[in-house]
Amino acid sequence: MTTTFESEPGRLFIGGRWREAADGARMDVIDPSTGQVVTTVAEAGPADVEAAVRAARDAFDHGPWGRTTGRERGRILHRVAELIRANADEIAALESLDVGKPISLCHAVDVTNAANDYEYYAALAHSLDGAVRGTQHNALAYTRRGPLGVVAAITPFNFPLILAGSKLAPALATGNTVVHKPADDTPLSALYMARLLSEAGVPDGVVNVVTGTGPVAGEALLRDPGIDKVAFTGSTAVGRHAASVAGEALKPVTMELGGNAAHLVFEDADVEKAVGAVIKGFVFNTGQFCMSGPRLLVARPVHDTLVGILAEAVAGIPVGDPRDPATVVGPMAGAKHLHKVEEYVDLARKEGGRIVVGGERLDLDGGYYYQPTVITGLAPDSRVVQEEIFGPVLTVQPFDTEDEAVHLANSTPYGLASGIQTTNLARAHRVADRLQAGIVWINDWAMLDPAVPFGGVKDSGFGREYGPEALAAYTRVKSVVVSLD
């Protein structure tokens, strides 16, 4: 594979220029399908992060971006979307190499949604208006909505391209500047996008990319006084820390954190459709999806039938080389993620669970592969049921009543997504209203669109990505009151 990335070999992008880390440090990038090093990238230290924030601050305070019209910013973001589509093959190949996800998934989901993100917020960029308000005074009062300043965008390993776009697109549409810290494991598409953003016409310093580790580069970014807002997606544990650091400086934050979604199948569900949605819900992106559906709750009358159909279907899922278009499930994104899944399945055995299908790692080309796994017989308070596994593992539990189903669904600390399989329209709306989740899918899974907001409750975070709601997270309201006396 030849990529433009090779001509800019993993350097930091700061102030519109490519540069090595100040101390020359570099870090390995591993191909999850083989476990082999494919390249290295610069490993940013505190001095590099400081330089990136300084560049973003200068671009916000003195550059043209925040003072351009929303229509002009929208034109540039439309160009970003066009460039993503024009370079779709290269971007998909890069994302597949970096994350280990199937190439077909990278084309259909990652590249397509990233382009849609920029296109959607390009259309909204010129819609940031205020309102005239009546007052008790003889005065004209109106509101204006403007950018916050410098945004720290910290993104995870599982959807590097999409989750960067879900933050950068609304941040840029509203006139902010950005320092993007991608995940340690998967930095390549962030560097590629830095070039495309610049090519589209985003001015120097408006977008800066610092690759490096969370404890060093991420921590320095969180604590830099030049940051005005933190937009974070990642684990709940790291999110708590990030929010607490930002809180010390009274910086606004949005936190899209862990999940452990329940997928409810009622006795009146279309079983064939339900099985397809359930499989999509837990093997999509090898289960490395904060809105995956790893907890299956099934009405007792159809429990055994559905588990039998599910076991047969899961056993036939094509697992293998992510560059093969026929592959549905690729490797885990790294060795540590694979080991975590292995530990949870071993724990399930100790907790009395029965492995219906799967339950073992796969020895394929030295990569980090794990069989899609279905487990029954676990208690609702089992750690495997309660905690986020973040891999292709599904636990199944029966329920007898609608109330019990809702109780079980809401019984974990998380609340990011949920799903319902039913042909009863009244039940669908009634149960959706009771589920503690930021998004509920009915008779399918993972239906995402830039126009539809998502985000968490409880330990899954706060704030919303996507939709016009996301724009509010990157702007501040100013009121102007003019005396008419």
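Fifteen residues, written as 15 in the count, line the largest cavity, and among these R295, A409, Y414, A417 and Q436 lie nearest its centre. The structure is a predicted model, and a search of the whole of it finds seven cavities of 30 Å³ or more. By class, the lining of the largest cavity has seven nonpolar, seven polar and one charged residues, whereas the lining of the second largest cavity divides into 10 nonpolar, two polar and no charged residues.

| Cavity | Space | Lining by class |
|---|---|---|
| Largest | About 80 Å³ | seven nonpolar, seven polar, one charged |
| Second largest | About 60 Å³ | 10 nonpolar, two polar, no charged |

The second largest cavity is lined by Y118, L161, A164, G165, L168, H180, A190, M193, A194, L197, V207 and V209. Two or more of these lining residues come from each of the elements α5 (160-173), α6 (188-200) and β9 (207-209).

Turning to the nonpolar cores, the largest holds 78 residues, of which I84, Y118, Y121, L172, L197 and M291 touch the most other members. Helix α4 (residues 103-124) supplies the largest share of this core, namely 12 residues. Y118 and L197, both named among those core members, also belong to the lining of the second largest cavity. When neighbours within four places in sequence are left aside, I84 is in contact with I91, V111, A114, A115, Y118, M193 and L196; of these partners, Y118 and M193 also line the second largest cavity. A second, separate core consists of 34 residues, including A274, V283, V314 and F399.

Key
Residues numbered from 1 in each chain as written. Predicted model: local features only at pLDDT ≥ 70, side-chain atom pairs only at ≥ 80, totals over all residues. Heavy atoms only, no water. 1 Å grid on protein atoms, 1.4 Å probe; cavity = no way out; pocket = protein on both sides within 12 Å on 5 of 7 lines; lining within 4 Å. Points joined across faces, edges and corners; volume = space filled by probe spheres on them. Nonpolar A, V, L, I, M, F, W, Y, C, P; charged D, E, K, R; others polar. Helix = DSSP H or I, 4+ residues; strand = E, 2+ residues; numbered from the N terminus. Core = buried A, V, L, I, M, F, W, Y, C linked by side-chain atoms within 4.5 Å. Buried < 20%, exposed > 50% of the residue type's maximum accessible area, 1.4 Å probe, protein only. Contact = heavy atoms within 4.5 Å.
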